[in-house]
Amino acid sequence: MGEGSAGLWAGELDGLVGRDAALATLRSMLGEGSRTVVVLGMPGEGKTALVDTAVRAAGAEGATVLAICGRAVDRDLAYAALVDLLSLPAGRAVPGSSALLDTLTSPRPEERPPDPLKLRLGVVDWLDRLAGERPVFVAIDDAQWLDPSSRSVLAFVANRLAPMPVSLMVAARAAAPPGLEAHPRLVLDPLDERQARTLLRQSGISLNGFVRETVLARAAGNPLALLELGRIAQGQGGESIRTVEDIPTTVEAAYARELDGLPADTRRLLMLAAAGADELQILVRAVGEEPLMADLAAAETGGFVRVVDRRVRFRHPLARSALYTTATVAERVEAHRQLAQAYVDDPDREVRHRAAATLSADEQVASDLMESAARMRARGAFDEAAQLMVRAADLTPDRNLRTWRMLEAIGTTLPTGNLIWLERLATRLRADSEDPHARARADHFRAYALAQSHQQDAAREALAEALESLIEVDVSHGWASLTTLAVVVYQSGRGGTELERWYQRYQGAGFAPPGADALMVDGCRAWVRTVLDPMTVHDDLVEMVRDSPASDAGLPPELLATHEMLLGAVAWLLDESWIAERRLEHGLALMRDAQLPGQLSQTMRSLAQVKLDLAEYDEADRIGRVLVDLGDAENVGYVRNAGMSIRAAAAAIRGETTLARNLTEEVMLDLDVGQFLALEVMAAQTHAHVLFNEQDVAGSYDQLRSTFHRDGTPVHEHVSYRSIADLVAAAVRAGRIDDVSSVMEEATRRLTRPSLRHQLALARARALLAGEDAEEHHVFATGHPDADQWPFELANARLEYGSWLRRRHRATEARGFLRAAHDVFERLGARAWAELSGSELRASGVSVADTAGSTWDGLTAQERQVVKLAATGMTNREIGASLYLSPRTVGAHLYNAFPKLGVTSRAQLRDIVDARGPAPA
């Protein structure tokens, strides 16, 4: 927040007692780190008063202030809080706000939800634009009442505020709202005795000694309790009551006593407001205008409620809850019936109140709830949709239909990442239903969700249960679960024996999938087979990924997209990298064209790995960024970690060591050791590259050696062998050749039918160990016509061969290999390798310019991506849509890139990009 204006944050300016330290801490926290602070406190501790002071102070400092308050009546309505935020006058002035509001509020008859990532990035862009002229302060009070959809979007936004002049204050009760747990917290403590006495005196509450001490003890430092109990203790006439028995024991009891003193008609009116209708317009429909004004007057006069912006506001949320919880069942039912009739023009609110007024099964209400759920789901509000479906299932008379509605609720819960609730629903369905198909499908959903979490052991157990159920009743979905088990086995690096057993059982089930399902099952079967034996090339699988048709006009797009994703992933494991790239990009295009976000992250994870293999590091970094965003948007930690791992791997090769180390450490801190061996091994390989850049030869070797056990077996069957040649090269540099003999012996035993890529890697490794007999291995590693699929690895092979030739005084031959290696390392931005190859070139008699100051390499990965697209003539908005960036962020990248490249206009970018040409083989 602003400098030199600390006095504006003094609590005394607003009559706050005992909160100056909290306000000073809050002001400091809002201006540093994530710029997001979660303020926690029990009801009545003064969170709202703190928010009000912060709003006033931030506005006085010159910030644009956006303040909203969560409302219990809206907690089940999709995007209610986000719509409130976007609708504030300051926000409506920003270009693009109307389009965002339309996305959130307009009917979507096509039943396709908005892209969750684009929606979230759109809100980030909206805030970024709003902060273009002056800082922005967003304050959200009573965040415990935020609807789940708004809460998810705001949590995503909170993780991206650090680079912007935007601060976010979120006030909630005992726990941080989901998605905001990692942000700094400020916990409001009770007032001490001196502060409590000051608050009573400052509020004009005068009590006799014994009564005052009783109020102080019962309030226990809670400001609201002090005021409410103190007022009752002081009595109507301003004189202290004489007996402590007349002092309520809690704030809720104080409010209940106050309610007892209101007229019956006033209590009935307030009951409508407490039940979910605080708008005067709705209350008028329910009771009429004249009765409303008459009945409301008594509550307003006593200060129990006030009317603000044509809404009824209770003195405190506890007053509302006291009214609702002390009402009888009959009073609540009657209130919801009246409100259902009042919401004639809002079918979603109407059916909620009708459901709340329904005490027994009612198919009409259940059916209407399912229609409302479909509308919520079409808007991307999966949490709210699932809750409506569960309520619909509760009210469904037919047991079979009830089961399938519950199953639909479970499936709708999947995109929310709410594993705890999904598990509860699946357990409930299994307990209530006798339908084996439904029980098996519930097991499938639960297992899939666990597989997307960090609970890999639990996922394997759940998948085993699902596979056991599905093999009897639904083999097609069983193959889908088997595919998921294969993913878990690959990620964890454990469970291959179990996967083999299930594969054999499903193979032996004699199931011939009908029609379009056959294509999906073929892809599932290919994926499972490849995971079972990733280091062996199977000719029939290679033929499948090369020759299987990529499209069929007669098949649904979601099936084609899944087929392309599976075959692309198989091609990646088989090291058919160009084919993998083509199929995975086609699968992504199908998903985007058909708006099928379900498997987007899985496809992008595989594609990012392929881009790393092909040494397309800028593109790998871009996809990694999108994966991080998707992981946050979908609340799937593994996707986020995968994205950070990809980005770290690319950064390490390019010499961006600080970024690579930070990303890797963040991933490792989030993992349970031994649960994700694929990521752990990848992290060690990345760390080795970081240390190589820092010229820590021994450390680099130790990291690579850790990817194999002492007996030479791989820690991860597939990922470990990706770095076998690098391991041997590091061993040679560190003088540890004998230490890798067991690794090479085990590799020779295991890799009997390796892919071409692994043949080349083994040739590199053997050449480094063969001394004078190395040439045939060097020739194979550098001379195969298809080796240029993997430019970075080929460049290393050429560097090693050139170095070997130079040391044997064959400098003329060496120069060609060293020059080719150096050119590739330069173009890839692999700084440490470029320096090493440059040193070898100079030693062979070739003059090499110092490349440390390369202007292109001075750009960040994202700046390079933006420059490449700008050079094609794309506008900032078109570039932003392509890279999932705001146009403002694109402009900032170009602004930073121009001086680094020595240009002053976009027209000059084409010459710079064209001059680089394609990366050489």
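Buried means under 20% relative accessible area and exposed means over 50%, with partly exposed in between. The exercises below apply this and similar cut-offs to a predicted model.

**Exercise 1. Decide whether Gly493 is buried, partly exposed or exposed, and describe its surroundings.**

Solution. Begin with the location: Gly493 is found in the loop that runs between helix H24 (475-492) and helix H25 (496-507). Its relative accessible area is 34%, and because this value falls between the two cut-offs, Gly493 is classed as partly exposed. Next, look for contacts: leaving aside residues up to four places away in sequence, Gly493 touches Val488, Leu677 and His716. Finally, compare sequence with space: Gly493 and Leu679 are 186 residues apart in sequence, while their C-alpha atoms are 9.7 Å apart.

**Exercise 2. Classify the aromatic pair formed by Phe792 and Trp833, and state where its two residues lie.**

Solution. A pair of aromatic rings is described by the distance of the centres and the angle of the planes. The model holds 14 aromatic pairs. In the pair of Phe792 and Trp833 the centres are 5.1 Å apart and the planes make an angle of 80°, so that, with over 60 degrees as the cut-off, the pair is edge-to-face. The pair links distant parts of the chain, since Phe792 belongs to helix H40 (residues 791-807) and Trp833 to helix H42 (residues 831-843), 41 residues apart. As for accessibility, Phe792 is buried at 8%, and Trp833 is likewise buried at 5%.

Contrast this with Tyr801 and Trp804, whose rings form a tilted pair, 6.3 Å centre to centre with 40° between the planes. Both of these residues lie in helix H40, three residues apart, about one turn of the helix, and both are buried. To complete the picture, Phe792 and Trp833 join Tyr617, Phe692 and Phe825 in one aromatic cluster.

**Exercise 3. Determine how helices H18 and H19 are oriented relative to each other, and what kinds of residues make up their contact.**

Solution. Two packed helices are described by the angle between their axes and the distance between the axes. The axes of H18 (residues 363-378) and H19 (residues 382-394) come within 8 Å and cross at roughly 170°. Because angles over 145 degrees count as roughly antiparallel, H18 and H19 are placed in that class. On the H18 side the contact includes Leu369, Met370 and Arg377, and on the H19 side it includes Phe382, Leu388 and Arg391. Sorted by type, the residues of this contact divide into ten nonpolar, one polar and three charged.

Methods: Residues numbered from 1 in each chain as written. Predicted model: local features only at pLDDT ≥ 70, side-chain atom pairs only at ≥ 80, totals over all residues. Heavy atoms only, no water. Phe/Tyr/Trp six-rings, centres within 6.5 Å; stacked < 30°, edge-to-face > 60°. Helix = DSSP H or I, 4+ residues; strand = E, 2+ residues; numbered from the N terminus. Buried < 20%, exposed > 50% of the residue type's maximum accessible area, 1.4 Å probe, protein only. Contact = heavy atoms within 4.5 Å. Axes fitted to C-alpha atoms, helices over the stretch in contact; angles between N-to-C directions. Parallel < 35°, antiparallel > 145°, perpendicular 65-115°, else oblique. Nonpolar A, V, L, I, M, F, W, Y, C, P; charged D, E, K, R; others polar.
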